[in-house]
Every structure is written in C-alpha cells, then in structure tokens.
There are 2 protein chains.
Amino acid sequence: MPARALPYRPHNHDLCVDQALAQAREICRRNEARLTPVRERVLELIWQSHKPLGAYDVLAQLSADGHKAAPPTVYRALDFLQQHGLVHRIASLNAFTGCDHPGQHHCGTFLICRSCGNVLELAAPNITAAINQAATAETFQVEQITLEIAGLCPRCQSDSADQPTPS
Amino acid sequence: MPARALPYRPHNHDLCVDQALAQAREICRRNEARLTPVRERVLELIWQSHKPLGAYDVLAQLSADGHKAAPPTVYRALDFLQQHGLVHRIASLNAFTGCDHPGQHHCGTFLICRSCGNVLELAAPNITAAINQAATAETFQVEQITLEIAGLCPRCQSDSADQPTPS
DNA sequence: TAAAAATTTGCAACATTATAACAGTTGCGA
DNA sequence: TCGCAACTGTTATAATGTTGCAAATTTTTA
C-alpha cells in the first residue's frame, strides 16, 4: 500500500493544498455554500502550513497579500470553514488546521507534537466508540468531542533529546 | 451503593469543598509544596462553583474579598494548583475546574453541559486505553491528553427544549 | 431588467484571556 | 541575623476573540 502523506514525512505539499482546495470547492458546491475569495484564501493559507495556524497568523499573511483585513474577516472565514467541516480548531493551541477528510462526519482526534508542532489528524473509531459508551453510561448526550493528544511524533522521538526538527 | 455526588444532583456542596480542601492540604504536605493562603483561596473559589471558573472570575472574587489582586496572582496560583493535580484547565472553555480525584494520575475526561454549564469529570480507563492504542499505532509518544465532551447532561435533556436549568 | 432582500465584507472599537519584567516580601536554614 | 529561595505585588503589554454598524456584493423576486 502506498505511504500515506504524513506531516513529518516529506512529500509534495502543494499537491495536498490543491487537493484540499478542490475538495472544498466541491463540498461547498454541494452544500450551496459560497466559497468566496477570502474564505478560499484563508483555507489555502491554513493548508499551506502543516502546523496549526493562529487566527492572527492568518491575518498577517492576508495583510502580506496586500489584503486590508481585520480580525473579524479572519474569524468569520474560519467560522465558515469550520461550519462546513473544512478546518478544525485546536482548542489547546488556539489555532486552526485543515481537515483531512472533510465531508465525512467524524470527531477530530489530533496528535500534536510538542517538539516540531506538526499535527496529525486521526480517524479513530475505537476511541469514538469508547467515548460514546462512557457518555451513555452517564446518560450524557454527546454533541461535540474535543480530543487533543500532545506528545512526541515519531521523528522527534528519534532525534536526540528534545531538539525540534525544522518544519 | 450510595449515590455519587454529581454536579447536577442536589447535594451539600460545602462538604465537597471542605473535603477537596482537606485533600489538597494533605497532598501538598506530602509533596512538600506550600498551599499558601492565596492558593488555597483560589482552590476554594473554584470548588465552590460547579461550573468551571475563568481566571478573571476568580480574580473578581478575590477582589470582592478585599484582596488587591492582579491577573498574574491568579494565573500563578492556577499554575501551581494544576501542577499538583488539584485543578484542571478546560481548554475549550478557557476555564478551570476542581479535580475530582487528585493524587491519582489520570487523563481528565470532561462531560460539559452546554445548557447548564456544569461539568462532570470522568475516569474512563477504556477511553484512555483506546487512545494509547491509537497513538501507539502511529508511533506517537503520548504526554498529555485533552478530552472534552460537550453536550447535554441528564437533567438538561429532560427539561423541555433547551432552557438552561438554574445552577 | 430593476427593485428588494439576503449575504458577505470592511472597519472601528472593544472585550477577554494570558504573560513579561521587575520590585518587594516572607519563610527558612546556615 | 544574614542570605537564599520561593512567593506575591504591580505595572504594563501581548495575544486572542467579539460587537455593532455601514458599505458592498450577490441572489432573489417582481
């Protein structure tokens, strides 16, 4: 089976971005949602970075584009993208990352490397099942799951000590 | 078996607070850590509320005490309490809640009611196991788990529609 | 097509959450 | 009682996120 593209494994990332954007356009078309230029650009910026991007990072990049933007512009675009499952917000980082499998309903589970900052999104049915079971046992009706796992990615484990690997 | 004290089940909460404080004193004694007046007071304030308290909520209450406090005072106390496992930070709420079973190592799993705001801390070995299994499969070395489940607690489910129950 | 309605964006101000840097104070052992 | 370490106070500032309203744009309707 072909190697999956992983943040910490070198690959042609422009391709990832292109695919993500194409998929986003398709999803918005189906949802009759408008992927306007600002929204698309924000999504692109987020995808271009493997590491989650803060709202103000996005803002800075927009400004670098020459776009005269203010915080609300960015937050609104991010809200839109989240609503359509195109990006996730990582609460423990106050940052945003592209969704790996948009369209499919899933609880975002994230492996966050504290050394290099890369993030891997997992689809982990076992975890989801365990969570739902535990919640049901408490008669709790689950609506949203935030699961963020911090630690060391494979590459940063093998690197001596704790030096971060360049992105 | 005796009914467990649950945030959404009426009970003598002063007792919870007293027990939590006594336990905290004991833990700090064993750890040779100093549970100073500010720290103890912050812990008490957090325990007095079933709902997670923001740092600035704590600050406001300290000020109401007549204590002339500033943000760093609160954040430092909270850091201390977190380090000793006496409180948890809920990332998705930017707020803090008392730890239900301090001393024991555990990954905090939280059921957060979006209607009444109460939070229940779970010890869920199954979930932890599933998480560790998934992480291991990705050769990821887990250090810290953030698991926050938002939804409706039993009481708010049975209340018609979405009206919040008073605390 | 033209007017009306709805959505999106721009913009200024502001609210909330968190940290940095440094000075003063307190507890405690030598 | 001196000195060190830990803790607290204080001021300022950084980082993150929101409100409210007006202008522009797109979509809908007549």
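Helices here are DSSP runs of at least four residues, numbered from the N terminus. With that in hand, welcome to the tour; please keep in mind that this is a predicted model.

**Stop 1: the two chains.** Select chain A and chain B. A turn of 180°, with a shift of 0.0 Å along the axis, lays chain A on chain B with an RMSD of 0.1 Å. That is the relation of a two-fold axis. To find the axis from chain A, pick A:Leu147: its C-alpha is the nearest to the axis in that chain, at 2.3 Å. Both copies use the same surface, and 100% of the contact residues of chain A recur in chain B.

**Stop 2: DNA strand D.** Now show strand D and what lies around it. It is surrounded by 18 residues, and the closest include A:Pro71, A:Pro72 and B:Thr36. Next, colour the helices: H3 (55-64) and H4 (71-83) of chain A, along with H2 (37-48) and H4 (71-83) of chain B, each give at least two residues to the surface near the strand. Which helix supplies the largest share of that surface? H4(B) does, with 4 residues. Colouring by class brings up 10 nonpolar, 4 polar and 4 charged residues.

**Stop 3: A:Pro102.** Finally, go to the loop of chain A between strand E2 (95-98) and strand E3 (109-113), where A:Pro102 is found. A:Pro102 has 18 other C-beta atoms within 10 Å, so it counts as partly exposed. Add A:Gln23 to your selection: the two are 79 residues apart in sequence, but their C-alpha atoms are 8.0 Å apart in space. Besides A:Gln23, A:Pro102 touches A:Ala24, A:Ile27, A:Gly85 and A:Leu86, leaving aside residues up to four places away in sequence.

Technical notes. Residues numbered from 1 in each chain as written. Chains lettered and ligands numbered in written order. Predicted model: local features only at pLDDT ≥ 70, side-chain atom pairs only at ≥ 80, totals over all residues. Least-squares fit on C-alpha atoms with pLDDT ≥ 70 in both. Contact = placed C-beta atoms within 7 Å. Buried ≥ 20, exposed ≤ 12 C-beta atoms within 10 Å, placed from the backbone. Near = placed C-beta within 6 Å. Nonpolar A, V, L, I, M, F, W, Y, C, P; charged D, E, K, R; others polar.
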